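Got your viewer ready? Let's take a short walk through some charged side chains.

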Amino acid sequence: MDDVLVPELSGIAEVRDVTVTGATERQVVIEPDDAKLAAAGLSAAQLATLLQDNGTVTPVGAVTEDGTTSSVQVGTTVASVEELENLPVLPAAAAGPQAPQPGQQPAPEAPSAVVHLGDVAEVSVQDVPATSYSRLDGEPSLAIALTKTPDGNTVDVSHAVHDVLTDVADELNANGVTTVVTFDQAPFIEESIKGLTTEGGLGLLFAVLVILVFLASLRATLVSAISIPLSLAVTFAAMNLTGYTLNILTLAAMTISIGRIVDDSIVVIENIKRHLSYGEDRVDAIVTAVREVGAAITASTVCTVAVFAPIALVGGMAGELFQPFAVTVAIAMGASLVVALVVVPVLAYWFIKVPASADGGVALREAAEAKERRGVWQRAYVPSLGAALRHPVVTLGVAVALLAGTLALVPRMETNFIGAAGQDTLSVTQELEPGTSLVAQDEAAREVEDVLAGVDGVATVQTTVGSGDGLAAAFGAGGGASSATFALTLQDDADGAAVQDDVDEALDGAALDGELTVSAGDAGFASSTVDLVVTAPEADDLTAAASAVEDAVADVDGVGDVSNNLAAEQSTVQVSVDRDAAAEAGLTEQAVSGLLAGVMNERSIGTLDLDGASLDVVVAGDVPATAAEIEKVQVPTAAGVVPLSDLVSVERVSAPASLTRVDGERSATVAVTPAGDDLGALSQALQAEIDDLDLPGGAEVALGGLAADQADAFADLGLALLVAILIVYLVMVATFRSIGQPLILLVSVPFAATGALGALLLTGTPLDVAALIGVLMLVGIVVSNAIVLIDLINQYRAAGRELDEAVREGARQRLRPIVMTAAATILALTPMAFGLTGGGAFISQPLALVVIGGLVSSTLLTLYVVPVIYTLFERRAGGRTSKRAARAARRAERAQARAAEAARVAQRLAADTR
């Protein structure tokens, strides 16, 4: 192990640390024989400097002989137990010669027999007493935990480890060593990436099919679809330059962006194809088509990118997770805009056919427009739009009713922080009474092992009894000294959630010692409990308040397990020093403490190198095992040796297993493990129970843990959403050079919530951080359709068309690209919304559901509500303009009349003068 496997693993690039736990350590133990020591006039205390006085190589100078200078060193190292036994032990008076006074001769010393360590003590190499046990499937084992460097690649490190295990397998087998990998993040990452890639590929295929169905042209479909691989290639290159890696989050961002990055190209190619179908000149048609939509798609893309800027305001884990996601989406969207405005027109010039025309395109235009009007979409949309425009009050009333219904759905919405990542590991923690011996812990852990081994879907069980280690921490587990942790690896085809339920049921049905907690192996994304932090100025008040909180929340709906870190107290032997008595004996309280510490623990006097390993050398003694034996410890004083009981009082007391403080006040934590996914409802119920409690004076309770993480993330994302809406508004103000028209476009945003909440409720998906990121993304997406629509209406009005005609014709012309882009985005996200492969579902699925639902509702309402509100707004604005024009005309007429009257008066005056 130490000679082969650990060095090979340590040599892997990007591995920072290799930790071995469960290995039996060795030490050299010196067991003094008190009778022999006394006979030789020695004491055990004189063994403390044995390795300091011997076995040290000391350079003392140099000599030069025959032209060669050599260093001089004194002493030889102790290299074996036999050499250690042969070391002489000198009395304290003989520790070193006394220097003679000036003018005096050294006094001769009386010869005495040399006493060797082996004459007065037994020296042997022994195992260090175990402080923890490690087993794999019930068999003793060693655990090796590897930690990669911060910038290391998890998948590369995993593959390198497997390569090392393969290379050294023969050598390990020859020594009877077998290895099993119990925890490896790489397969989960690779499966997630593979799943996201598959879903992205399906989304790309669906998006292309949508374009093909609507445009009915293979050439036009391929021209627009080329934007997807080009945009993704630019994204990969930009990620490489910015240092972002391809992981679950960045790949999810690119997969989700597939439906959106083709939207700009769809709008451009649809408009180009429409103009070409009118028989226009190829170059003129392409330039005109791009000019018509260029400003609109630029504004819509800028809006989609800009909504992610406020992610910088989001702190904590949510910010760390989604900042790379936001940057990736922004890069992909920016690339898609460049491709749509530069590449797609060029490809359209090369590959899109222009129908032949003999009359300058008049007949072709009439035929194309007639065909458009006969299409199923326009035959359904144009009459219904006319009805909506004729009855604006009804249209707006229906829209408001839908919005009110959306608000009514909010209380039924479940909320969570971040969904389960779906890793194939579970962890079980068994907390025993503080002070439980290691043997008793081991016996209790073996019973749990037997239960876990019988659960279907569990492949391996790695057990650590005693203090936790790196492997347990990797699983998200870890306990105190009186605990055992069980790291469960699931079978490849196992359903993690179902197996976790089975484990819970199996543990609940068995009579097991201690408090057992089961958590998913991906609990490292956040705290797995809602912590109720209790503070109080007095210890008794804190204990009473913590117990009251624990009892109050135990029966709340949605509560799984409840634990109180003050509930368990451990037995402590309190030794109180009588300071006056100690002072009379010439000792201080600290001196008594040091003497007792030396008796209670084996003393290390140095190290010894044996067989290439450095072993501690300790002097063993009779360690007191009971409180009575502590009182009998002999203490040397100025007046002689006295029992410790003359200087101290010894009593057994109970004390908290741990003591924590918050802002200087004593604190306790009541940890609540949620039984379901509705974290928001659970937090509200817990807060209601806390508010109803009658706590001791000065005691306070605050929600922490998972509830605090969720509250902070939701507050940050709520602020980011408001800032995103403001940014989108400013972008549209710059685009339309109007303050009022952008407000019309923002009407799409609240109506997007109708579909988003509906999609989450229909699928039973909680509203979590990923879903809120979807809402943020939705703000930029839903205004895109409205921008494209309003921009064309404004162009028609600028060309001199009447308001009603411009609205109807603009909506009719933009129906197909709006429906196409929405359908492409929806179908591209459908594989992720259904979680077909499960890859990165904890991020992509809720986000995809929100975008799909919001896009469906906002698109339908955009096609009707936006034209109605635009018409009402412009008519009112036009009415005000007409009134202002009429007033100006009347003022001009009056001014003209006054000028004419003044002219007539002047003429009469001139005539009279003549």
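Helices here are DSSP runs of H or I with at least four residues, strands are runs of E with at least two, and both are numbered from the N terminus. This is a predicted model, where local features need pLDDT of at least 70, side-chain atom pairs count only at pLDDT 80 or more, and totals for chains, interfaces and linings use all residues. Residues are numbered from 1 along each chain as its sequence is written, and side-chain values use heavy atoms, leaving out hydrogens and water.

Start with helix H20 (residues 496-508): four residues of the negative patch sit there, its largest share. Now add the surface patch itself, whose members include Glu431, Asp495, Glu515 and Asp561. Patch residues have over 30% relative accessible area and no salt bridge, with like charges joined within 9 Å.

Pick Asp456 next, another patch member, in the loop between helix H18 (438-453) and strand S10 (458-466). Asp456 is exposed because its relative accessibility is 65% (exposed is over 50%, buried under 20%, partly exposed in between; 1.4 Å probe, protein chains only).

On to salt bridges (a side-chain nitrogen of Lys or Arg within 4 Å of a carboxyl oxygen of Asp or Glu). The whole structure has 11 of them. Select Arg135 and Glu449, whose closest N and O atoms are 3.2 Å apart. Arg135 is in strand S6 (residues 132-136) and Glu449 in helix H18, 314 residues apart. Arg135 is buried at 2%, and Glu449 is buried at 7%. Add Asp442 and Arg446 to see the salt-bridge network that links them with Arg135 and Glu449.

Last stop: Arg816 and Glu270, paired at 3.1 Å.

Note on methods
Patches are made of residues with over 30% relative accessible area and no salt bridge: like charges are joined within 9 Å, nonpolar side chains (Val, Leu, Ile, Met, Phe, Trp, Tyr) within 5 Å. Accessible areas come from the Shrake-Rupley method with a 1.4 Å probe; for residues, only the protein chains shown count as cover. Lys and Arg count as positive and Asp and Glu as negative; His and the chain ends are not counted. The place of a charge is taken as NZ of Lys, CZ of Arg, CG of Asp or CD of Glu.
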